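Visitor: I am new to this structure and would be grateful for a close look at a single part of it. Could you please take me through that part in one connected account?

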Protein chains: 4
Amino acid sequence: MNKTKEAIYKASVDVFSQSGYTGAAMDEIAERANVAKGTLYYHFKSKEDLFLFVMQTGLGHMIDDAKKVIGKPLAPMDKITELCKSQLRVVRKNENFVKVILSQLFGQEERQRLLRGKLNEYAQLIRECIGELGVEKHTEKETSAAVFGFLGTMVSAAVYSAMTGTQKKDISGLLIQNYLHGIL
Amino acid sequence: MNKTKEAIYKASVDVFSQSGYTGAAMDEIAERANVAKGTLYYHFKSKEDLFLFVMQTGLGHMIDDAKKVIGKPLAPMDKITELCKSQLRVVRKNENFVKVILSQLFGQEERQRLLRGKLNEYAQLIRECIGELGVEKHTEKETSAAVFGFLGTMVSAAVYSAMTGTQKKDISGLLIQNYLHGIL
Amino acid sequence: MNKTKEAIYKASVDVFSQSGYTGAAMDEIAERANVAKGTLYYHFKSKEDLFLFVMQTGLGHMIDDAKKVIGKPLAPMDKITELCKSQLRVVRKNENFVKVILSQLFGQEERQRLLRGKLNEYAQLIRECIGELGVEKHTEKETSAAVFGFLGTMVSAAVYSAMTGTQKKDISGLLIQNYLHGIL
Amino acid sequence: MNKTKEAIYKASVDVFSQSGYTGAAMDEIAERANVAKGTLYYHFKSKEDLFLFVMQTGLGHMIDDAKKVIGKPLAPMDKITELCKSQLRVVRKNENFVKVILSQLFGQEERQRLLRGKLNEYAQLIRECIGELGVEKHTEKETSAAVFGFLGTMVSAAVYSAMTGTQKKDISGLLIQNYLHGIL
DNA sequence: AATGAATGAGTCTTCATTCAT
DNA sequence: AATGAATGAAGACTCATTCAT
């Protein structure tokens, strides 16, 4: 990614997360990236193309991080804990990116279908990690519940940050605690 | 709510959930509600006004349901379990509504701020219910984590349904289980 | 065709004939028709749609005129002469329309293919009239040559008017004369 | 004309004939000529400049051919017949070029005025040749009609080829026949 | 209470042109 | 002699909103 593309990427994440896909204006992305509008179209075929690039890149970061943790020689339970921590850290660093995902997860537009497809790759990774916890203990349904609970935990963090604003305290440690051991 | 308004409400939920706020066209809402475009503006001042009405109404349903459960004379632990079940049932019945919330939760537009405000009222209700579990055991931060974990669980259900499509199995029981007792 | 649509039609013929299809700006059509840009799109799905409407309507006028002549109880030779005269009169009254046709006759765009298709219906009409002159005398090829010569005569009139400007003398009588009896 | 310019010329004729002047993209001309976009501007000041070069060159070919025939020591009637044949041959070989002329003949843009100017030089040549047929027999108006009939015959050939497509039979002989002796 | 024709601001996108290399 | 990244003006099209009926 060269300098111009990088600038466009960063501006895109910001604008998409603030305004969603439809609400985002290419004009504003260009302005925030400090390039002319035409430059966006020199590097990306269309708004949708740019959006998909943003998704691919952002999810790529999360997947890379997850793979790094999964590759570590840890006991399954330690590994899932570590994965939680690590991914929540990434989420906090890329808060805006998570917002984009959430705001575009539903619907039948091509871009939304593609996004779900990519997110599924990510979910698959988590599934494997959770699966290691002990095949005899988890049915397929139980694993699914654990995976989507995991995603839900990531979302909780994003929702928390959106709803409590800047003066928020970090509760990610407690979210992990609850995810692993329950609130009771 | 008379017949026309009802039709507009239902059409709005569908269209907003499919296309988000900005992507939704008043034209399409009118068409799906089988009324002329002008009729929308006879009943609602603006698109934003309509959106806020939809939010108020939809969240109203969830709050009503929650209050009903909270009003029951149950032990705190049983009550929170019952609340989970009941709310997940509502979520499943109003899947589209939850999608609208999620897609419009972030951003600095007036409607988004108002939505977060309303959602906060809902969160407050959950917070009280969780607080009953035993004040001595929960710090403010812990309660927050439990509340947002609760919201995250609702989201998990919606995300699950979005990503697995029609042939999905119901995992809400397991989601509750995990929320209350953890995945480990 | 109501008042608004009529105004748009007239403005369209003018602008399309002056600037061609691609060169014509919807903005300018709107301005000349004294309506807002949005109004164009209320009445026509797209620029292409508007263009096709213009073609259909314009060729319709010529076809109607031709049919009127063809319906007359005249000797074949008199009829073809009458047809020449009558059609040239229409061409002169709708000079701009003929320019649009010529400027859009070639190319592989959908609109251009459709235009050629419609023009073929017109050519077919001429072909029948020429065919009446005496089947035994004309081979298929000869009829074709006569038909396209006819079209060429119409075009000659338009080209003449474009190239000699306003102070032109009317030469349509001579064009007919030449078409029927040759220049020699 | 060196190799690069030659390639640009050929690509230009193709693209201009397929898309008209406004519809033609410098990008596509560059691509078809296998040069970078910047190269076009190294050889030509602007799109209009390139267009005018194409017109000048193409009409130059037709004028050269016409002059060759006119220079021959033939009887006026034979000469005009020969001219018809020869020019129709050129038209068939440069079909695309004729399409560009026709699609750009009308309108008030500078390039269109210039094109008509150049075409007038060509028409003048034809006029002289026709004039030789016998001044006593032709009034100025009659000569004009014969000249524009000649142009119309060329156009007929192009229109015929556009409308009947690839499986067309050659009717140029008949077109000449009709032009000289009429269809009756 | 309801309609739908009309509007114009705002959006995505294209493309001729420039310029540093 | 040639390139291609970058530009910004201009164009097609959308859509919330208004208003006369």
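**The surface near DNA strand F**

Guide: Chain A can be superposed on chain B with an RMSD of 0.1 Å, by a turn of 180 degrees together with a shift of 0.0 Å along the axis. The two copies are thus related as by a two-fold rotation axis. They also meet through the same surface, because 100% of the interface residues of chain A are interface residues in chain B as well. It should be said at once that the model under discussion is a predicted one.

With the chains introduced, we may turn to the part chosen for this close look, the surroundings of DNA strand F. An unreviewed UniProt entry carries the annotation "domain: HTH tetR-type", which covers residues 2-62 of chain A. Over residues 2-62, chain A is 85% helix and 0% strand, and the C-alpha atoms at the two ends of this stretch are 21 Å apart.

How many residues surround DNA strand F, and which are the closest? There are 30 residues around the strand, and the closest are Thr39(A), Tyr42(A) and His43(A), along with Thr39(D) and Tyr42(D). Of the atoms of DNA strand F that come within 4 Å of the protein, 67% belong to sugar and phosphate.

Individual contacts add detail to this picture. Thr39(A), already named among the closest residues, has a polar side-chain atom 2.2 Å from a phosphate oxygen of DNA strand F. For Lys47(B), a polar backbone atom is 2.8 Å from a phosphate oxygen of the strand. Gly38(D), by contrast, is placed beside a base: a backbone N or O atom of Gly38(D) lies 3.3 Å from a base nitrogen of DNA strand F. The elements that give two or more residues to this surface are α3 (37-43) of chain A, α3 (37-43) of chain B, α3 (37-43) of chain C and α3 (37-43) of chain D. Sorted by class, the surface near DNA strand F comprises 14 nonpolar, 10 polar and 6 charged residues.

To conclude, one residue of chain B may be considered separately. Glu142(B) belongs to helix α8, residues 140-164 of chain B. Is Glu142(B) buried, partly exposed or exposed? Glu142(B) has a relative accessible area of 27%, so it counts as partly exposed, the range between 20% and 50%. The side chain of Glu142(B) reaches the backbone nitrogen of Thr139(B) at 2.8 Å. Between Glu142(B) and Gly131(B) the separation is 11 residues in sequence and 9.8 Å in space, C-alpha to C-alpha.

Definitions and conventions. Residues numbered from 1 in each chain as written. Chains lettered and ligands numbered in written order. Predicted model: local features only at pLDDT ≥ 70, side-chain atom pairs only at ≥ 80, totals over all residues. Heavy atoms only, no water. Least-squares fit on C-alpha atoms with pLDDT ≥ 70 in both. Contact = heavy atoms within 4.5 Å. UniProt positions renumbered as here; feature names shortened; annotations may be inferred. Helix = DSSP H or I, 4+ residues; strand = E, 2+ residues; numbered from the N terminus. Near = heavy atom within 4 Å. Polar contact = N/O pair within 3.5 Å; in protein donor to acceptor, adjacent residues only side chain to side chain. Nonpolar A, V, L, I, M, F, W, Y, C, P; charged D, E, K, R; others polar. Buried < 20%, exposed > 50% of the residue type's maximum accessible area, 1.4 Å probe, protein only.
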